[in-house]
Amino acid sequence: MVPFKIRNIDINPPLILSPMAGVTDFTFRRLIKRRGGVGLVVSEFISVEGLTRNNPKSKRQMRFDESERPYAVQIFGGQPERMAMGAEMAEEIGADILDVNCGCPAPKVVKNGGGSGLLRDLPRLETILKEIKKSISIPLTLKVRTGYTDSTINVVDVAKMAEQCGVEHIQVHGRTRDQGYKGLANWEIIRQVKEAVSVPVSGNGDVVSIESGMKRWRESGTNGILIGRGAMQNPWIFRQFEDVLAGREPYRPDLEEKKSVLLEFFEMCLDEMPEIVALGKMKQLAGQFTKGLPGGAQFRQTLYHSHSVQEILDNITTYFGSISLEGNFGDGLVEADADIEITSCEPSVLPLENRSSMTAEHWGSPLETSL
Ligand SMILES: Cc1cc2nc3c(=O)[nH]c(=O)nc-3n(C[C@H](O)[C@H](O)[C@H](O)COP(=O)(O)O)c2cc1C
């Protein structure tokens with residue numbers, strides 16, 4: 001569990017913010033990066049159909065800040081020429097790494113040959129990887145699931161083929177396409193991938209607490225780990241891992257700090273997006289963030305029914321004021337739970353009413369406008 005390199009790029013610490021459509025945008029990535037402990041951030045997955053047809057939203061999704069480096073752009077699609085063009089565009093805007101999505105289970109993505117659909121068509125995946133390699137000079141990486149179905153688990157073959165094509169980092173989410181987000185990630189298969197190739201391999205799936213995360217990481221022997229949903233519930237999770245790796249006690253944010261991170265996020269959202277979208281984003285993060293906190297469920301209900309910036313701010317102040325009075329916040333070490341149910345890459349972790357505000361016509365959810 002030491003820093004590793006993707007070609008000459010240091011991934012230090014070896015902890016990666018996993019790409020999440022509708023979540024890991026410019027705003028969220030910087031919020032997480034500021035908390036410390038993150039070695040690599042990745043964009044949301046970006047449609048090459050949108051990018052290469054000049055869809056402004058797809059282009060906006062590539063935007064990043066220098067403070068985010070190293071920064072990877074993840075693209076998805078099924079057409080080799082378009083994937084190569086999209087990859088070139090990512091290099092042009094200054095991305096450090098180009099990542100190919102070979103894991104999204106959403107029917108719309110799979111139907112068009114992209115995402116986890118590529119696991120059923122290895123010749124196509126091979127052509128895509130080779131075409132991309134020809135068109136970029138930054139490192140090419142792959143994020144993949146273990147297979148399409150339980151009976152067609154093929155990630156070891158995929159990884160070997162990808163390595164032959166010049167892929168320089170393989171990230172494995174330990175679930176099949178058919179599993180969606182159900183059941184548990186299989187870290188034993190992730191271990192097999194690590195043993196089968198010489199390029200760095202990172203594992204992913206269900207890392208929501210330091211203890212269980214360290215166990216999975218150690219047992220699988222991967223170079224790095226990716227954390228997705230756990231970071232929404234606990235933005236300090238990377239820093240806490242980094243502390244443990246360095247032999248320190250994990251950082252413990254206090255209640256005031258939790259509140260101020262929510263407010264910081266809200267301010268960033270309001271600066272960068274239309275108010276209606278900012279409200280949706282705020283509800284999304286606040287909802288995840290208060291899981292496991294006293295009175296969290298009731299707070300989330302109140303929040304989902306808030307319709308203005310002021311109402312949300314008032315509700316946050318009231319909520320945090322009440323739990324600090326109760327004095328039962330514990331020691332502030334956040335242990336995220338893994339009870340989010342999702343069925344695709346879509347931002348369906350959000351309650352329905354939040355999703356509608358995120359899909360405001362001019363902004364849209366990633367899948368709705370890019371496909
Ligand atoms: C809302 C949401 C959106 C996601 N979008 C993407 C995506 O755009 N690209 C991708 O490779 N994986 C995506 N994923 C999968 C995550 O990157 C990750 O592989 C998965 O959630 C398992 O990791 P976790 O248990 O740490 O969350 C998404 C997951 C969620 C919950």
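**Exercise 1.** Over residues 328-344, where pLDDT stays under 50, how many contacts beyond four places in sequence does the model have?

*Solution.* The structure is a predicted model. Begin with the protein as a whole: its mean pLDDT is 88, and 87% of its residues reach 70 or more. Next take the stretch in question: for residues 328-344 the model has 38 contacts beyond four places in sequence. A further stretch, residues 346-371, also has pLDDT under 50 throughout, and there the model has 64 such contacts.

**Exercise 2.** Find the residues that touch the most other members of the largest nonpolar core, and state where this core lies relative to domains 1 and 2.

*Solution.* Step one: the core has 93 residues, and those touching the most other members are Ile75, Ile132, Ile170, Ile227 and Met282. Step two: the element that gives the most to this core is helix H13 (residues 275-289), with six residues. Step three: residues come from both domain 1 (4-245) and domain 2 (255-367), so the core lies between them. Step four: take Ile75 as one case. With neighbours within four places in sequence left aside, its contacts are Ile46, Val48, Met83, Gly86, Ala87, Ala90, Val100 and Asn101.

**Exercise 3.** Describe the surroundings of strand E9 (residues 201-204), starting with the directions in which its residues point.

*Solution.* In a regular strand the side chains alternate between the two faces of the sheet. In E9, Val201 and Gly203 point one way, while Ser202 and Asn204 point the other way. All four residues are buried.

Now the partners:

- Strand E8 (residues 170-176) runs parallel to E9 and is joined to it by four bridges; Gln171 stands opposite Ser202.
- Strand E10 (residues 224-227) also runs parallel to E9, through three bridges; here Ser202 stands opposite Gly224.

Last, the connections. From E8 the unit passes through helix H8 (residues 187-196) to E9, a right-handed β-α-β unit. E9, helix H9 (residues 210-220) and E10 make a right-handed β-α-β unit as well.

**Exercise 4.** Which residues of helix H11 (residues 237-245) are buried, and what covers them?

*Solution.* First list the buried residues: Ile237, Phe238, Arg239, Gln240, Phe241 and Glu242. Then look at the cover, which includes strand E3 (15-17), helix H1 (26-35), H9, E10 and helix H10 (229-233). H9 and E10 also belong to the β-α-β unit that starts from E9. Finally, follow the chain onward: just after H11, Gly247 takes a positive phi of about 80 degrees.

Notes:
Residues are numbered from 1 along each chain as its sequence is written. A nonpolar core is a set of buried Ala, Val, Leu, Ile, Met, Phe, Trp, Tyr and Cys residues joined through C-beta atoms within 7 Å. A residue is buried if 20 or more other C-beta atoms lie within 10 Å of its own, exposed if 12 or fewer, and partly exposed in between; C-beta atoms are placed from the backbone. Helices (H or I, at least four residues) and strands (E, at least two) are DSSP runs, numbered from the N terminus. Domain bounds come from an automatic or database domain assignment. Two residues are in contact if their C-beta atoms, placed from the backbone, lie within 7 Å. Two strands pair if DSSP finds at least two bridges between them. A crossover is right-handed if, with the strands pointing away from the viewer, the path from the first strand over the helix to the second runs clockwise. pLDDT is the predictor's confidence in each residue, from 0 to 100.
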